[in-house]
Amino acid sequence: MKTTFWGAMAFCALAGTTQAQGFESADLDFQLYKYDEGGNIDTTFAVLTADASYLITPRAGVQVGLAYSHEVDVSQAWLSVGDTRAATIHAFVDPTDSARIGLMIGADSYNEGDYIYALEGTYVADRYRVEARVGRFESDIEPASLAEISTAFDLTGRLQGTGSYQRVTYDGGFGYFELAALGLGYDITDRLTGYANYGNTVNDFGGGSVFEGNQITLGVTMAIGGGQNPRAFTYNPFF
């Protein structure tokens, strides 16, 4: 079943490039983030994501995403999760020039293979952007629900302030993971943006076991084949 899904994802990606009415945008994103809970519990990962969107009609299309997470360092062996890959497909419509609504399905290789499906949207106004998503992880090991929102506001012509909140709630009373972050982004060129985020995390394992920490992220996003597309989805499958 999982092999069939990954094959279908690859087929849809290829089909999108040949059948879509027009290429809309594509970007590459690289980030390095460190999670630190104190007490010699910390992990560092490097993440690469690639997304491309295509218009099937003037107001509807698809976006295909691929992602890879590499484990750079862990403070203790039991924290290791290894390297992980993921793929997503988003089907979207644009009800207005400022809004985009989509349905996403995806899969990753974590926990011997998880699936996700989600309802998502972006809204872009003159100086700010909002993206929100609610979804469901189908997993044999850690089934969970997802809720997340992120925003960016232009402080100057090239500098943005950013904020985000993410919560993953696990089934069966096994607690939740929560991340709230603030950051800055800077447009180095019209196609290249660097960013840095600092976030506070909460790991609740249920039964009163709650651990707080922080997460620091440094990254860069590069638009390919055109300028940046603020309506495109920016889902990161790793947390």
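In the predicted model, strand S6, which covers residues 114–124, and strand S7, which covers residues 128–138, pair in the antiparallel sense over ten bridges. Within this pairing, Ile-116 has Phe-137 of S7 as its bridge partner, and the two strands S6 and S7 form a hairpin with three residues between them. Strand S7 also pairs with strand S8, residues 144–154, again in the antiparallel sense and over ten bridges. Here the bridge partner of Val-134 is Ala-147 in S8, and the hairpin formed by S7 and S8 has five residues between its strands. Strand S7 is thus paired with S6 as well as with S8.

A further set of pairings involves strand S4, residues 84–93. Strand S3, which spans residues 60–74, runs antiparallel to S4 and is joined to it by ten bridges, with Val-64 standing opposite Ile-89 of S4. Strand S4 pairs in addition with strand S5, residues 99–108, in the antiparallel sense and over eight bridges, and in this pairing Ala-91 stands opposite Leu-103 of S5. The connection from S4 to S5 is a hairpin through five residues. Strand S4 is mostly covered, given that seven of its ten residues are buried, where buried stands for a relative accessible area under 20%.

These strands belong to a chain that has one helix and twelve strands, and the order of the elements from the N terminus places the helix ahead of the strands. The radius of gyration of the chain is 18 Å, close to the 18 Å that the globule rule gives for 239 residues, and the chain is therefore as compact as a globular protein of that length. Along the principal axes, the C-alpha atoms fill a box of roughly 50 × 45 × 30 Å. Among the contacts in the chain with a separation of 6 or more, 51% are accounted for by residues that lie 24 or more positions apart.

With regard to the surface, 44% of the 239 residues of the chain count as buried, while the area that the chain exposes comes to about 12,300 Å², of which carbon and sulfur atoms supply 62%. The chain carries 13 positive and 29 negative side chains, and a distance of 8 Å lies between the centres of these two sets.

Note on methods: Residues are numbered from 1 along each chain as its sequence is written. This is a predicted model: local features need pLDDT of at least 70, side-chain atom pairs count only at pLDDT 80 or more; totals for chains, interfaces and linings use all residues. Side-chain values use heavy atoms; hydrogens and water are left out. Helices (H or I, at least four residues) and strands (E, at least two) are DSSP runs, numbered from the N terminus. The radius of gyration is taken over C-alpha atoms; the globule rule is 2.2 Å times the number of residues to the power 0.38. Buried means under 20% relative accessible area, exposed over 50%, partly exposed in between (1.4 Å probe, protein chains only). Contact means heavy atoms within 4.5 Å. Accessible areas come from the Shrake-Rupley method with a 1.4 Å probe; for residues, only the protein chains shown count as cover. Lys and Arg count as positive and Asp and Glu as negative; His and the chain ends are not counted. The place of a charge is taken as NZ of Lys, CZ of Arg, CG of Asp or CD of Glu. Two strands pair if DSSP finds at least two bridges between them.
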